[in-house]
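Dear colleague,

I am passing on a structure that I have been looking through, and my notes on it follow below. Please keep the sequence and the 3D view open as you read.

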Amino acid sequence: MSEVAPDFEVPDWFRAPSADFQPSTFWFWHAIPSEAEMLRQLADMAATGIGTMMIQPRLALPIEDYLSPAFLAAYRFACQEARRLGLRVTVYDEYNWMSGHGGGRTVAGADHLRERHLFWTSGTVGEEGALSLNISGIASSFYDFLGDVGRHWVYEGGEPLWDEWTIVAAASGPAVENQLDGKSARPAGAPDASGQDSGFADATASVRLSAAGDGGCRIALVEAGLPAGTPVTVFVAARCRSSRMINYLMPEAAERFADVVYAPLLEAAGGTAESFFFDHPYAGFYRWDQHRGDLGNSPLWDDRLPALLGGEAPLALQLLSLTQDVGPPTASLRAGFFAAYQLQLHEAFFGTLSRWAAARGIGFSGHELLTHVGAWGLQEGIGGVDPRSMPGVDYFAIDAYRSHTTVDAADYAPQLAARFGDSVARANGRKRCTIEQYATGREAGLPGLAGQWGLTLEKFRAQAIRHLLFGARQIVLHSYNASDETDDESRFLSPRFDFPPGFNFEPWWEDCPGVLGELSRISAFLEDGKPLRPVALLYPLETIRAGAGSPDCGRHFGWWAEALAQAGIGYDIIDEAGLERLGHALGSSSTAGSKTAESRRETPATGLPTATGAKASATYETLILPAVDTLASVGSAEHIAAFVAAGGRLLASGVLPSQSRAEGEDAQCAGIFAALAALPAVQHLPTASKPTIDDAVAALPRPQPDIRFDAGPGWNTVLRDDDAWKIALFNDADTTRRVTITLGGPVGLVRRWNPETGTVAAIDVHAGRGGFEIDVGAQQVFCLSVRDGEAIRRARPKPDTSLAPPPAVVLAEGWTFQIRGSREAAVAIDVTRGWEVQGFAGLAGTGIYRCDAVLPQLAAGLAWTLALPGLCETAECFVNGTFVGRHVAGEAAFPLTGISGNAHLVLHVRNTAANRYYPGQPFWNGTYEPSGITATPRLEARAL
C-alpha cells in the first residue's frame with residue numbers, strides 16, 4: 001500500500017474536530033483550588049485537547065466546603081475561564097458520587113427522604129404455635145468496601161442506624177420440607193396469579209413487631225392459629241436515619257436534590273451548561289443475618305409502592321415471589337413487581353431531574369449502575385449486588401430520560417460498555433455514546449481504589465480506540481486532578497489514591513495532545529453513516545427480572561457479545577420493543593401482544609405467524625436469544641416467529657422462552673418456540689458454552705464489506721455513507737497483521753483518513769477478487785473510505801529486490817543519562833537495563849538519553865531507522881537538534897530519512913507515575929516498574 005497525492009481538500013470536521021468529539025474530563029477537586037491553579041490547569045486542558053470539563057468535588061474536600069460560598073465562587077471563576085478558553089462546561093451533580101444525596105444536603109431537615117429499605121425474615125411455626133423472627137446484622141458490603149472514610153461519607157457518624165420499623169406484609173404456607181434452606185423450592189400446588197388454592201395465605205394480620213432498635217427488629221405472632229410446621233415470611237421496612245442517601249422512589253427527593261444542588265451549581269456555572277451529569281444513583285445493597293432467597297439485596301421501599309404494583313395477587317404473595325418460587329405465576333409476579341418498581345425509580349428520580357434540566361434548556365446525561373462494567377457478561381463486572389433493587393437493569397428505559405447517552409467502563413480490557421451505550425441510544429432515536437473510563441487496581445493486582453498509576457499511554461489509547469469502534473463518540477478521562485499533594489495517604493482522602501491515575505500527573509501527559517487529537521478525528525470520522533450490523537442480540541430483561549440473582553442469561557449474553565466483537569461482525573443490542581420494530585421492518589403483520597388469529601396468518605404445518613413483505617427490507621439477518629426463558633408477552637414470541645418466517649436466522653443458547661411477564665408459565669409462548677426449534681433457520685444450543693458459541697459465531701455468514709484479520713480479534717466498524725463505505729479497523733496486537741477487506745465487487749477509490757496527522761490521501765492497494773489487503777502495524781488504526789464504482793488501477797512501482805541492506809548498527813555503548821531539569825551532570829548509563837535499577841528508582845518523569853553515532857551512507861531506496869526494542873514508555877527523538885518524531889504506541893522506531901554521517905541522538909523518555917506514588921505503600925510489592933531504555937538500541941536500514 002502506498003499513498004498518492006491528496007485529491008481533495010481535507011474537511012475541517014476531520015482536520016480539527018469540535019468538542020463533540022474531543023475527550024472530556026472530570027476535574028477532581030480535593031480542595032478548593034486557587035485562581036492561579038485554575039488558570040494554569042484550564043489552559044493545560046485546552047492545550048492538550050480536552051473539549052469539555054466537569055468539576056467533581058471529592059471526599060478530601062471537607063463536606064462543609066461543598067456548595068459553600070467559597071466553593072461556588074471558585075466554581076463560578078472556573079466556568080467563566082473555561083468558556084473563555086473554548087472549553088465546554090458540564091455540571092457534575094454530586095459531592096464525590098452516587099447522585100442524589102448532595103453531600104447530605106438533600107436529606108438535611110427532611111428525614112423522610114432518607115433511604116428506606118425492605119427486609120425479610122423467615123421461620124417455621126413451632127409445636128406450641130410460637131414464632132419469633134429477627135432482622136439483625138444489617139450491612140452493606142459495598143459501603144464496607146469503601147472503608148471507614150466511605151462509611152463516614154455515607155452515614156452521619158459512620159454507622160447505619162435504623163428506625164421507623166414497619167411490617168409491610170407477611171405470607172404463610174404451605175408446609176413443605178426444605179422450603180427455607182436458602183434455595184428456591186417450588187411449593188406444592190399450582191396457584192393462579194392471586195395465589196388462591198396454593199396453600200399460601202396472607203398472614204400480615206397474624207404478626208407484630210415485638211421490639212425495634214438501631215440495628216434491627218423482632219417479630220412475633222399475634223396469636224396462635226397457624227399450624228405447626230407452617231413457613232412464615234415477614235417483610236418489614238425501615239428507614240436509615242443516619243444515612244445521607246435518598247429514597248429514589250420518592251419524586252420529592254429528586255425535587256429537593258434539584259433545589260439544593262442543581263440550582264446553585266447551575267447559577268455558579270453562569271446559568272447554562274452543556275448538561276447535568278448524574279453518576280451511579282443507588283443506595284445500600286444491604287444484606288442481613290437472616291437474608292436468604294432469590295433477591296440478593298434489600299430493595300428500596302415507599303408506602304405508595306403497593307398501589308403502583310397492581311395485579312390480582314395480594315402484596316404478601318408478590319413480595320414472597322421475589323425471594324422464592326411460588327409456582328407457575330412466579331415469573332409473572334417477579335417481573336411484574338420489578339417492572340413497576342423500576343418504572344417508579346426511573347420516573348421519580350431521572351424523570352424529575354430530566355424535566356428540571358429541560359425546562360432550563362440544559363441537557364441531562366450520566367450513567368446508572370452497570371453490573372457489566374469492565375466485562376462482557378451482564379453481571380460479571382461489579383459483584384456482590386443485585387442490580388434489580390437499584391435504578392438500573394432496564395437501561396433502555398433509563399436512556400429515554402437522557403438527552404445523550406453515557407456509560408462507564410472499568411479498566412483497560414475490551415468490554416461491552418460502549419456497544420451497549422450505542423445500542424440504547426439508537427433505540428431512543430439517537431446514536432453513539434459518551435463513555436467514562438476509569439481504572440481500578442484489580443487489573444494490576446492492587447486494591448481496587450489504588451488504581452493504575454502504572455497505566456501507559458499506549459494502553460489508554462488502545463482502550464479508547466476500541467470504545468470508539470464499539471460505538472462511543474466521546475471519552476471521559478477519570479480524571480484530571482487539581483493536586484497530588486496530601487497529608488493523608490488513605491484511600492479516597494489522598495489525591496494519589498482516589499481512583500488514579502490523575503492523567504495530568506502522569507509523565508506521559510505531555511505526549512497526550514497528539515493522542516487526544518487522534519481520538520477526536522477517529523470519532524469524527526465515525527459520526528456519519530449507517531453502521532453495518534446484521535446481528536441483533538436480545539437484552540434478556542424479563543429473564544433477569546424473573547430469575548435468581550445471577551441468571552445464566554447474563555453469562556450467555558457476554559459470550560455472544562464478545563464472540564461477535566472479536567469476529568468483527570457488527571451487532572446491535574435490542575430490547576423487546578426492538579423486536580416489535582424488527583417485525584415491522586420485515587413487513588410482519590403481527591402487532592405487540594396480539595393473540596388472535598386475525599392478527600397473524602398461520603401456516604397449517606407449524607401454526608407460526610407468517611410475514612408479508614420482502615426480506616430485502618430486513619434490518620437484521622440474525623437474531624440471538626441468550627438463555628432467554630421469559631419474555632414480556634406472547635407478542636414478543638410472535639415477533640420473533642415473524643422474523644424467522646420473513647427469512648431471518650434465529651440462534652438461541654440455553655433454555656428457550658416458556659414464560660412471560662403477562663402469564664407466568666406460558667404455554668402459547670412455549671409452543672411457538674417448540675415449533676421454531678424444528679425449522680432449519682433456527683439453531684438451538686441447549687448446552688452452550690463459550691467455545692460452542694464461538695463456533696456458532698464463526699459459522700455465521702460474513703457481512704460485506706467483510707473485514708478479516710489474519711490472527712486474533714478483528715476490531716472494526718463499518719458504515720455506509722452515501723456512495724461509499726467507511727471502514728475503521730484497529731490492530732491492538734504487538735506485531736503487524738494482514739487484513740483482508742472483501743467488498744464483493746470492484747474496488748473503487750480508496751482514501752486513507754489519517755487520524756494521527758489529520759490528512760487524507762488516496763492510496764494504492766493490492767486489489768483483486770472484489771477486495772484488497774493491507775498490512776496494519778502494531779497498535780495502528782486505519783480509517784478508510786471506499787467509493788463505489790469501477791476498479792481504479794494505478795501503476796505500482798516494483799520493489800527493488802536487489803537492494804541488500806547493510807547489517808544493523810548496535811548502539812550498546814556511549815550513552816549518557818540526565819534527569820530533565822536537573823542541575824546534576826549527565827552520567828553514563830547501561831541501555832540494557834532501566835534507569836530504576838541504576839540509581840533513579842523513584843524517578844517518574846522525563847529522562848534524557850544522549851549518544852553519538854555515525855550513520856553510513858545508504859543506497860537509494862533505503863534509510864536508517866532508530867529502533868528501541870525495550871522502550872518504557874514514550875519518547876521524543878531529536879537528531880542533531882532537529883525533532884524527528886514521537887513514540888506512544890506500537891513499535892518504538894524512528895525513521896531517520898535523509899540523515900547520514902555524524903549524528904547526535906537525543907531521546908526524551910517518559911515512564912509512568914507508578915515509581916513515584918506506589919513505593920512505601922502497604923500494598924506495594926517492593927519492585928519498581930521498568931523505566932527508560934531496557935534493551936540495546938539499533939540502527940536498521942529499511943526500505944523507504
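Which element gives the largest share of the lining of the largest cavity? That share, 3 residues, comes from strand S30. This is a predicted model, in which local features need pLDDT of at least 70 and side-chain atom pairs count only at pLDDT 80 or more, while totals for chains, interfaces and linings use all residues. Residues are numbered from 1 along each chain as its sequence is written, and side-chain values use heavy atoms, with hydrogens and water left out.

A cavity here is a set of points, on a 1 Å grid over the protein atoms alone, where a 1.4 Å probe fits but cannot get out, and its lining residues have an atom within 4 Å of a point. There are 7 cavities of 30 Å³ or more, and the largest holds about 180 Å³, a volume being the space filled by probe spheres set on the points. Its lining has 18 residues, with Gly 568, Ile 569, Gly 570, Asn 716 and Thr 717 nearest the centre. Two or more lining residues come from each of helix H15 (552-567) and strand S30 (716-721); helices (H or I, at least four residues) and strands (E, at least two) are DSSP runs, numbered from the N terminus.

Helix H17 (residues 634-645) has 12 residues, of which 11 are buried, meaning under 20% relative accessible area with a 1.4 Å probe and protein chains only. Among the buried residues of H17 are Glu 638 and His 639. Just after H17, Gly 647 takes a positive phi of about 110°.

Best wishes

Notes:
On a 1 Å grid over the protein atoms alone, a cavity is a set of points where a 1.4 Å probe fits but cannot get out, and a pocket is an open set with protein on both sides within 12 Å along at least five of seven lines; lining residues have an atom within 4 Å of a point. The expected span of a helix is 1.5 Å times one less than its number of residues. Buried means under 20% relative accessible area, exposed over 50%, partly exposed in between (1.4 Å probe, protein chains only).
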